[in-house]
Amino acid sequence: MTTLPLPTEVLARLQSKQPLLWLNPRLGQPLPASAPPTELIEAAETRLARCAPLMATLFPELASSHGQVESQLMPATGLQRAIVGNDGAEGAWFIKRDDELPVAGSIKARGGFHEVLAIAESIAIEHGILDPDGDRRVLATAAARALFSQYSVTVGSTGNLGLSIGVMAAALGFDAVVHMSADAKAWKKDRLRKRGVRVVEHEGDYAQAVAAGREQALAAPRCHFVDDERSALLFLGYAAAARHLARQLAEAGRIVDAAHPLFVYLPCGVGGAPGGITYGLKALFGEYVHCFFAEPVASPCVLVQLASGADAPVSVYDIGLDNRTDADGLAVGQASHLVSPLMASQLAGVFTVPDDQLYVQLLALKTSMGVEVEPSAAAGIGGPGWLRESPEGQAYVRDHGIDMRNATHVIWATGGSLVPREELRRFQAYAETLAGRSPVRCKG
Ligand SMILES: *Cc1c(COP(=O)(O)O)cnc(C)c1O
């Protein structure tokens, strides 16, 4: 089945779907020469800022934030108390509420909106509708819409990226086409169709939906394909989250330095969103930030890619996993070609989560804090437990000379606010059938 050079014990755990924490042996090595310069992250921040008035024009729900698409950093004392008790041994927990990001309802708003805005700017500049230094609200005028209607924007997605790209592209008047994998939820497709987005359904998985979209886009003139497996514009849009988070941490009185480490736990699909955020945070905080990805036991594509040490793309199918998970946002078999080489030296590690555990964590979050998320978005909650209770996690803390009492833990919640009520009820009802299981699971 496999010839991947994975450590034997890691391979055995992965294949038997036993959760594990994998620590990245290459953490701290230099970035490859191809790594995007930090000026590009700043350029993405600038783009989002100058497009904020446009966003407020396009989406009434952004009026109160003046077009800024951001989420709150919420103290998670309730969750921390429910899971570990509050003895102060572990610093402070926070939840980054990207489940509430406006318009798109998931972390995909960050990368997706950035890329569509960049495309719109460049087409409008090219056609003399927009002055490079001009007010971006011109992109919402009839003239701009007429221009954009001659172009299509295409994407392949398990759901949330399609929602983000589709809604943004349609709002600007583009012909928006979303290729959806078989695991995409019906309500996501319905929602897109209602917004005038063309949804193309595929029998296969996420990678096949992406490939189909890429192929169609290549064949069509005036078509921009948003390539989740290799797009720098998506990546940089995610990376732009870092500076805002840094401000929120400062406002919350949380210092990040050698004596006050920052831990961030990010649910991971193809790696673009968590990779971009990690990249942005590393640019600001360097070795003082420790980023861990959370992947489903059936879809640990970034873990497999990084642990194999291979340059060539490898997939979870190569080791006999089926990539079947209820965490539809994370159901990806092969990691981003753009992101893996960057994460090879920046990511602290990856832990895996069984589906049932996602539900237990989702319920713990709802019960302790009233926060309702989709299964994918609950994946990061186990992060602090892995560091506290597993031999690997304890070794990491020890080897880095970390005093956890001064640590800040940010659990990134990545999606949920658009999920229909009845779906949320179903998630919670299923989780209740698992009652009695611990919200901490870092053993087999
Ligand atoms: C897409 C997604 C992620 C992960 O982002 P990737 O770029 O695919 O790694 C995490 N959570 C949710 C809810 C998502 O939709």
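User: Is Cys291 buried or exposed in this model?
Analyst: The model is a predicted one. The cut-off for a buried residue is under 20% relative accessible area. Cys291 has 0% relative accessibility, so this residue counts as buried.

User: Which cysteine has the sulfur nearest to that of Cys291, and how far away is that sulfur?
Analyst: A disulfide needs two cysteine sulfur atoms within 2.5 Å. Cys291 is in no disulfide. The nearest cysteine sulfur belongs to Cys268, at a distance of 12 Å.

User: How many disulfides does the count come to?
Analyst: The rule asks for cysteine sulfur atoms within 2.5 Å of each other. Cys291 does not take part in a disulfide. By this rule the count is 0.

User: Which helix gives the most residues to the largest nonpolar core?
Analyst: The largest nonpolar core has 152 residues, and Leu79, Phe148, Leu172 and Phe174 touch the most other members. The greatest contribution from a helix is 9 residues, made by residues 160-172. That helix is α7.

User: From which domains does this core draw at least three residues each?
Analyst: The core in question is the largest nonpolar one, with 152 residues. One contributing domain covers 8-40 + 46-103 + 239-433, and another covers 105-234. These are domain 1 and domain 2.

User: Which residues does Phe148 touch, leaving out those up to four places away in sequence?
Analyst: Phe148 is among the residues that touch the most other members of the largest nonpolar core. Its contacts beyond four places in sequence are Ala120, Ile123, Ala124, Leu139, Leu172, Gly173, Phe174 and Asp175.

User: What is the relative accessible area of His66, a residue with positive phi?
Analyst: His66 is not a glycine, yet its phi is near 55°. His66 sits in the loop between α3 (52-58) and β2 (73-75). The residue is exposed, and its relative accessible area is 63%.

User: Where is Arg222 found, and what is its relative accessible area?
Analyst: Phi of Arg222 is near 50°, a positive value in a residue other than glycine. Arg222 lies in the loop between α9 (206-219) and β7 (223-226). Arg222 is partly exposed, with a relative accessible area of 47%.

User: Which residue places a polar side-chain atom 2.7 Å from a nitrogen atom of the ligand?
Analyst: The ligand is surrounded by 16 residues, the closest being Lys108, Asn160, Gly269, Gly271 and Thr414. Gly269 has a polar backbone atom 2.7 Å from an oxygen atom of the ligand, and Gly272 has a backbone N or O atom 3.2 Å from an oxygen atom of the ligand. The side-chain contact to nitrogen at 2.7 Å comes from Thr414.

Notes: Residues numbered from 1 in each chain as written. Predicted model: local features only at pLDDT ≥ 70, side-chain atom pairs only at ≥ 80, totals over all residues. Heavy atoms only, no water. Core = buried A, V, L, I, M, F, W, Y, C linked by side-chain atoms within 4.5 Å. Buried < 20%, exposed > 50% of the residue type's maximum accessible area, 1.4 Å probe, protein only. Helix = DSSP H or I, 4+ residues; strand = E, 2+ residues; numbered from the N terminus. Domains from an automatic or database assignment. Contact = heavy atoms within 4.5 Å. Near = heavy atom within 4 Å. Polar contact = N/O pair within 3.5 Å; in protein donor to acceptor, adjacent residues only side chain to side chain.
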